[in-house]
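Here is a friendly walk through one protein model. Have a look at the picture, and then let's go through its parts together.

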Amino acid sequence: MGSDPESQIPVIKFSTGSNDLDRGTEGWHKLCKRVREACENYGCFEVAYDKIPTQSRAETFSAIRQLFDLPLYTKQKNVNLYPTLGYRGQIAAIPLYESLGIEDASNFESLKSFTGLMWPGGHDQFCQAVISILKSLEELNHIIVRAILDGYGLGEKTESIISCKTLLRVMRYRAPPAGEYMKGLQPHTDKIWTTILCEDEVSGLEVETKDGKWVKLSPSPGSFIFMVPDCLMAWCNCRMRAVKHRVMMSGDKDRYSFGAFAIPVDGSIIKAQKELVDEEHPQLLKEFEFTDFFRFHLSEEGRAIDSDKQVFAFAGI
Ligand SMILES: O=C(O)CCC(=O)C(=O)O
Ligand SMILES: [Fe+2]
């Protein structure tokens, strides 16, 4: 598992030094095709993006480590209307896992109020590090969504792009007891529009392939992982697959990671693009309001359903 290079997900370069990122160039067309194929076949890909310096990642992870070093009662002040978006930890089924969530985290004011809650007097260095990397990741996300649109010939239909705010979720997974291979995070698909993940040194993220095999990812140190969540899958009439993923821990090091999660703003309607519905691809999901779906997945009824089936239970035709 993982050591077989054949089973690894595609690596796609987003190189600011070439004209591949200019719409209309041959390089851009090739990029769009690769993005589309990766999202259809794997539901994810590794992103090599040269615009985010190693230093910026290092500063972000140093800030994240300081956050996890705070006392539990301080971290538990991170509450959210939706329980899974605030502090999570001390969960019996996944004892190694702990995470915090910051809504609208590329906005200086919301970062300031978060750091003001965590540290007396705030933490300017935390805000600077997070803002800087998130702005770049939002830019990257924008390019990837553009590539998806162009990949389907919908480049002019920018009004169909879902408006989002970025939630930053930071994770720490404790090393398991010596010699054990242990669940860090349960298998799931993300419920949102897009996900970009970043890990620091210790791997552990696994994705499920089309034929149901789990593959351990070994991204290069400077890379990110882009994933297709349920809403993006619904938007493209399930041409792309929402990738099921989990974290498995082994070895003696704690794992730190973070995700830039694009969360549709309240009132967002998620619907299959009519251009992507035809005889060969009948519409599979009804249109739905994002918040209704999000609430459903947290409800008792939703939680009784496997994560990757929830969207079909909620909106299946
Ligand atoms: O820690 C990771 O790499 C994955 C986290 C994740 O899948 C999530 O928070 O939805
Ligand atoms: Fe996830």
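Helix α5 (residues 124-151) lies across β1, β2 (44-49), β4, β6, β9 and β11, and runs at about 135 degrees to β6. Helices (H or I, at least four residues) and strands (E, at least two) are DSSP runs, numbered from the N terminus. Axes are lines fitted to C-alpha atoms, for helices over the stretch in contact, with angles from 0 to 180 degrees between N-to-C directions.

This is a predicted model: local features need pLDDT of at least 70, side-chain atom pairs count only at pLDDT 80 or more, and totals for chains, interfaces and linings use all residues. Residues are numbered from 1 along each chain as its sequence is written, while chains are lettered from A and ligands numbered from 1 in the order in which they are written.

Now for the sheet. It is open, with 7 strands in the order β1-β2-β9-β6-β11-β4-β3 and mixed pairing (strands pair if DSSP finds at least two bridges between them). Its edge strands, each pairing on one side only, are these:

| Edge strand | Residues |
|---|---|
| β1 | 11-14 |
| β3 | 97-102 |

Helix α2 (residues 54-68) packs on the sheet too, touching β3, β4, β6 and β11 (contact means C-beta atoms, placed from the backbone, within 7 Å).

Inside the sheet, 3 bridges join β6 to the antiparallel β9 (residues 224-227), and Leu-197 stands opposite Ile-225 in β9. Leu-197 also belongs to the surroundings of ligand 1, which include Arg-169, Asp-190 and His-245 (C-beta atom, placed from the backbone, within 6 Å).

Note on methods: Contact = placed C-beta atoms within 7 Å.
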